[in-house]
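Please look through the model shown below, first as a whole and then contact by contact. The paragraphs that follow move between its charged pairs, its covered helices and its aromatic rings.

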Amino acid sequence: MRLPIPPPGHFRKERNSIKQFSHPSAGLLEEIEGTVLGHRDGHGFVRRDDGAADIFLAPNEMRAVLHLDRVKVRVLRLDRKGRPEGRVVEIIERPPQPIIGRLLQEGGIWLVAPEDKRYGQDVLIPKTATGQAKVGQVVVVELTELPSLYGQPVGRIKEVLGELDDPGMEIEIAVRKYGVPHEFSPPCLDLTRSLPDKVRPQDKKDRVDLTDVPLVTIDGEDARDFDDAVYCEPSRVGRGKGWRLLVAIADVSHYVESGGVIDVDAYERATSVYFPRRVIPMLPEKLSNGLCSLNPEVERLCMVCDMLVNAAGEVHAYQFYPAVMRSHARMTYTEVAAILSNARGPEAARHPQRISDLEHLHDVYRALLQARHVRGAVDFETTETQIVCDDSGRIEKIVPRVRTDAHRLIEEAMLAANVCSADFILQSKHPALFRVHEGPTPEKRETLANYLKALGLGLSITDNPSPAQYQAIAEATKERPDAQQIHSMLLRSMQQAIYTPTNSGHFGLAFEAYTHFTSPIRRYPDLLVHRVIKAILAKKTYKLPVRPPEPAGRMKLARKPAPGAVAKVVKPVAAGPDASGWEAAGLHCSAFERRADEASRDVEAWLKCKFMREHLGEEYGGVVTAVTGFGLFVTLDNLYVEGLVHITELGGDFFRLDEVRQELRGERTGIRFSIGTRVRIQVSRVDLDGRKIDFRLVTEGTPLTSKGVGVSGLSVPPPSRGKRSGKGLGKASDPQRAAKSPIQALKAAVKKAVAKGKGRKKR
């Protein structure tokens, strides 16, 4: 649909603008389609569909468009660095996504201030369109009049969410802000209610009976849906010793018909979305927590990957088949870890019949881990955190997730099953979705190589790097004090994994082919893989149901591997007649996976900001986790909360970003801040709307001043910073405050001594 141009005369004729080019180029007059990305400072960018550099939109250009509008732009000029600036010539599509914000009344005028500051303009609300909403409440607005060059958007209140401090409000905002479907359609719910409550005799037809095999589920304490169960026993593999490893996965495809109403809702969601204290499931609860969940001591339908693993950790043979099983125990990672470390402890006493099975699982895990090392898979030990909330939804504490052998043995078993499913599909030449993780792009590879060279490690990567090279660098540097900085740079050089029908291998895991098979309750690609495997077993071809066409901007959102990316390329699966359908499904699932991640991060950031508002003015130790041209990002010890120390807070020196070494360096003093540098900070400001926390550097033991915290304990805004992005050059605005750091105190003393020396010479 082509929308009418909002403001008359706003999209001016371009003949007047062409004169602004000092060096006209044919490419500058090209009309380019893309998606508008607003910025809280009023300007914006157009993310091009072709993946080229974003186009800058000045604040006056943003007056007539909204964040996420699909537009056609024309490049007007290039700045000194060659970055394009454009003008909107047409609005192609305006997404129906509503605007969420707080209802305010100013001077008798009702308006809604968008919660997402990328929308840049308040929405005017006629008095007759406020409904039952009260001042200060969070509401959902539907636009009735579009914005224009000389007029604000006008809307009506569609839904009242409640007060800003209501428990769970951050989740209600996030699901609407990111367009996460949170209500199943009536037809979907009706069909779900008609499904049986347990496995029926007719459901067991043509299935292997594994009810006597002691399969168990191993998950976290707070897990509610169990989609995988495992069992292992010693076995002869070839002429040597080995194990028989069974990975049983819930057979969701038996109940979710391809193209049916439940399938339509599941495809639209593409993945379950996990928030603290709440999950937005991909499937209705009767399926996700009931009929498909491998709950203990009840019969459940499953798809099994039955593997023979040799002593070297290699899968010698495998087979897939549908089965019916009964979980013999619902175990937690904590219980399994305790049993593996002490077979005579209290946890082992509660599960005496499972001890030998768990020990066999541990044995096969060690073999699979050995194969992982030989393969050269990248394995960074990172700290994952868990937010623990109280009954009102506020953060009680943030704790690190401790990874034990129990976590790792389940992970290795799932990896083995996923690799077998990819190999099975490749052997059959059937189209499917692979999980592809390509190597670093040439640009990222060069950045990493320069960084390693600058450190003088004697280690680097080749023009065609392998995962083993990455892992060798990680192993060689893990005991260094700057190991965190080095590992962070290794991670940043990699691309994001995506779903695609073209297999190019998985760089990080060092697999020639990889797919997702083990979580069909919460991931739609896994459900597709199950359907493909079933079709292959039945000697048929699985046909994708007809879907609505994907938006043109979905390809960029899905972050396809960049051209020129380096990876070991495996011969792609032959493209069938429905190749475009598989491509669209991959883009859809990749994009909505990103959407789920962004929504989860947004909620976590909100909760952390609310948590830190209660700690304004307090001091903490922390470590620098990122360095930019506009300052340092510091993660606090024990709290695991990240905030910004702006460049203006670093002292009375000019600091410039060294992109090669990833550090900020003072031009006069030579003071350096890099990833891994330990600092002590004071919490100075919390911006809940922007999801940002500001710190300032302090000296341990130095009395606090009113610079960061006012008399009433409320936040006092720091000096004006302008944009959070800059040229990597900044100067502190308050030398007295800067002198509070130990290095700055030393610098001040040196300056004072030099000044005294000069005074003596004059006398």
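With which residue does Arg665 form a salt bridge? The model is a predicted one, and in it the partner of Arg665 is Glu663, with the closest N and O atoms 2.8 Å apart. The two residues can be described by their accessibility as well: Arg665, at 34% relative accessibility, counts as partly exposed, whereas Glu663 is buried, with a relative accessible area of 5%. Elsewhere, salt bridges that share partners join Glu115, Lys177, Asp602 and Arg691 into one network.

The setting for these contacts is a chain of 763 residues, of which buried residues make up 53%. Its secondary structure comes to 17 helices and 32 strands. Among contacts with a separation of 6 or more, 68% are accounted for by residues 24 or more positions apart. The accessible surface of the chain comes to about 35900 Å², and 52% of that area belongs to carbon and sulfur atoms.

Charged pairs are a useful place to continue. Side chains of opposite charge can pair when their charged atoms come close. A search of the whole structure finds 47 salt bridges, and one of them joins the side chains of Arg207 and Asp251, with an N to O distance of 2.5 Å. Arg207 lies in the loop between helix H3 (186-194) and strand S11 (208-210), while Asp251 lies in the loop between strand S14 (240-250) and helix H4 (261-269), so this pair ties together parts that are 44 residues apart in sequence. Both Arg207 and Asp251 are buried. A further salt bridge is formed where the side chains of Asp526 and Arg523 meet, at 2.9 Å from N to O, and here too Asp526 and Arg523 are both buried.

Lys177, one of the residues in the network with Glu115, Asp602 and Arg691, also leads to helix H2, since Lys177 is among the buried residues of that helix. Helix H2 (residues 169-177) is mostly covered, eight of its nine residues being buried. Besides Lys177, the buried residues of H2 include Met169, Glu170, Ile171 and Arg176. What covers the buried residues of H2 includes strand S6 (99-106), strand S9 (138-145), strand S10 (154-162), strand S15 (273-275) and strand S16 (278-280), together with helix H15 (579-613). After H2 comes Gly179, whose phi is positive, near 65°.

A second covered helix is H12 (residues 483-492), in which seven of the ten residues are buried, so that H12 is largely enclosed by the rest of the structure. The buried residues are Ala483, Gln485, Ile486, His487, Ser488, Met489 and Leu490. Their cover includes helix H10 (442-455), H11 and strand S29 (672-674).

The aromatic rings give another view of how separate parts of the chain meet. With ring centres within 6.5 Å taken as the rule for a pair, the count comes to eleven aromatic pairs. The rings of Phe45 and Phe56 have their centres 5.7 Å apart and their planes at 70°, so this pair is edge-to-face. Phe45 lies in strand S2 (residues 44-48) and Phe56 in strand S3 (residues 55-57), so the pair ties together parts that are eleven residues apart in sequence. Phe45 counts as partly exposed at 29% relative accessibility, and Phe56 is likewise partly exposed, with a relative accessible area of 24%.

The pair of Tyr470 and Phe507 has its ring centres 5.4 Å apart and its planes at 85°, and is therefore edge-to-face. Because Tyr470 lies in helix H11 (residues 467-477) and Phe507 in the loop between strand S23 (498-500) and helix H13 (524-537), the pair ties together parts that are 37 residues apart in sequence. Tyr470 is buried, with a relative accessible area of 0%, and Phe507 is buried with a value of 5%.

Aromatic rings also occur in a larger grouping and beside charges. Tyr318, Phe320, Phe424 and Phe517 form one aromatic cluster. Arg269 lies over the face of Phe184, at 3.7 Å from the ring centre, and the charged end of Arg595 sits over the ring of Phe592, 3.7 Å from its centre.

Key
Residues are numbered from 1 along each chain as its sequence is written. This is a predicted model: local features need pLDDT of at least 70, side-chain atom pairs count only at pLDDT 80 or more; totals for chains, interfaces and linings use all residues. Side-chain values use heavy atoms; hydrogens and water are left out. Rings of Phe, Tyr and Trp (its six-membered ring) pair if their centres lie within 6.5 Å; planes under 30 degrees apart count as stacked, over 60 as edge-to-face and the rest as tilted. Helices (H or I, at least four residues) and strands (E, at least two) are DSSP runs, numbered from the N terminus. Buried means under 20% relative accessible area, exposed over 50%, partly exposed in between (1.4 Å probe, protein chains only). A charge sits over a ring if NZ of Lys or CZ of Arg is within 6 Å of the ring centre and within 35 degrees of the ring normal. Contact means heavy atoms within 4.5 Å. A salt bridge is a side-chain nitrogen of Lys or Arg within 4 Å of a carboxyl oxygen of Asp or Glu. Accessible areas come from the Shrake-Rupley method with a 1.4 Å probe; for residues, only the protein chains shown count as cover.
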